[in-house]
Amino acid sequence: MGCPQDPDLTESDVFVTLPGGADDRAEGSGDESSAGAREIADAVECLANLWSLAAQEAAVRLSLHQLRALRALEAAPELNLTGLAERLDIGLPTASRLCDRLEAAGMLERALHPRNRREVQLRLTGQGRRVLGDVARRRTQALAGVLAHMAPAERAALVRGMRAFLRAQGEAPPRPPQTP
């Protein structure tokens, strides 16, 4: 399976290597769900690479943390710094430096909360919204380019499969990986 590559990106820019090995794909018992999981893991790696490359081609290049921060603020307007740090699962000092860089780039603004003057709200600026829109358009175009190479029945099956995956993921709590 061929995945788009960017010579400027390394595997560590896009993927996380787990302790104990260079490959995070589980060795299964050979049953159908394990084989399917390995194939899906490969496809997800390609999609993550496609996603990353599309984001890097945007007019403004953002780090993964910066992009995640802007997306979090888009989803939950007027978060404060603590709320953003919790959503991103990062420490307050890291979140503060991240916001400093995004504010300096004109993508977010800090403002006093109207009812609690001790709290500072974080808000996307018009520039931040435009950058997110640009990244989303590029990602959609990149994905559409791949989907165009699939037969209509394959695309429909993929959509059905993704819907089923989201339903199943929402119904079952994640299980920790099994050790051999």
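The protein has seven helices and two strands, and the model shown here is a predicted one. Read from the N terminus on, the elements run α-α-α-α-α-β-β-α-α, with the two strands following five helices and preceding two others. Of the 180 residues in the protein, 24% are buried, and the accessible surface comes to about 12700 Å², with carbon and sulfur atoms accounting for 55% of that area. As for how the chain meets itself, 48% of the contacts between residues at least 6 apart in sequence join residues that are at least 24 apart.

A convenient place to enter the interior is helix H3, which covers residues 64-75. This helix has 12 residues and reaches 16 Å from its first C-alpha to its last, close to the 16 Å expected at 1.5 Å a residue. Its buried residues are Gln66, Leu67, Ala69, Leu70, Ala72 and Leu73. What covers these buried residues includes helix H2 (32-56), helix H4 (81-88), H5, S1, S2 and H6, a set that contains helices as well as both S1 and S2.

Two loops can be followed from this part of the chain. Ser63 is placed in the loop between H2 and H3, and it counts as partly exposed because its relative accessibility is 35%. Computed along the chain, so to speak, Ser63 and Ser52 stand 11 residues apart, while in space their C-alpha atoms are 9.6 Å apart. Further on, Asp89 lies in the loop between H4 and H5, where its phi is near 55°, a positive value in a residue other than glycine. With a relative accessibility of 71%, Asp89 counts as exposed.

The charged contacts come next. How many salt bridges does a search of the whole structure find? The search finds three. In one of them Asp100 pairs with Arg110, the closest N and O atoms being 3.0 Å apart. Asp100 lies in helix H5 (residues 92-104) and Arg110 in strand S1 (residues 108-112), so this pair ties together parts that are 10 residues apart in sequence. Arg110 also forms a salt bridge with Glu103, and here the closest N and O atoms are 3.4 Å apart. The participants have intermediate accessibility: Asp100 is partly exposed at 36%, Glu103 is partly exposed at 33%, and Arg110 is partly exposed at 31%.

The remaining pair to describe is that of Arg138 with Asp134, whose closest N and O atoms are 3.0 Å apart. Both residues lie in helix H6, four residues apart, which is about one turn of the helix. Are the two partners buried or exposed? Arg138 counts as partly exposed, since its relative accessibility is 29%, whereas Asp134, with a relative accessible area of 14%, falls under the 20% limit and is therefore buried. Returning to the bridges that share partners, Asp100, Glu103 and Arg110 are joined by them into one network.

Just before H6 stands Thr125, which is found in the loop between strand S2 (120-124) and helix H6 (126-147). Thr125 is buried, because its relative accessible area of 15% is under 20%. Its side chain reaches the backbone oxygen of Gly106 at 2.5 Å. When residues up to four places away in sequence are not counted, Thr125 touches Gly106, Met107, Leu108 and Glu109, so that Gly106 appears both as the partner of the side chain and among the residues touched.

The last feature is on the surface. Leu158, Met162, Phe165 and Leu166 form a nonpolar patch there, with about 400 Å² of accessible area together. One of these residues, Met162, lies in helix H7 (residues 152-171). With a relative accessible area of 44%, Met162 is partly exposed.

Note on methods: Residues are numbered from 1 along each chain as its sequence is written. This is a predicted model: local features need pLDDT of at least 70, side-chain atom pairs count only at pLDDT 80 or more; totals for chains, interfaces and linings use all residues. Side-chain values use heavy atoms; hydrogens and water are left out. Buried means under 20% relative accessible area, exposed over 50%, partly exposed in between (1.4 Å probe, protein chains only). A polar contact is a pair of N or O atoms within 3.5 Å; within protein, one must be able to donate a hydrogen and the other to accept it, and residues adjacent in sequence count only if both atoms are side-chain atoms. Contact means heavy atoms within 4.5 Å. Patches are made of residues with over 30% relative accessible area and no salt bridge: like charges are joined within 9 Å, nonpolar side chains (Val, Leu, Ile, Met, Phe, Trp, Tyr) within 5 Å. Accessible areas come from the Shrake-Rupley method with a 1.4 Å probe; for residues, only the protein chains shown count as cover. A salt bridge is a side-chain nitrogen of Lys or Arg within 4 Å of a carboxyl oxygen of Asp or Glu. The expected span of a helix is 1.5 Å times one less than its number of residues.
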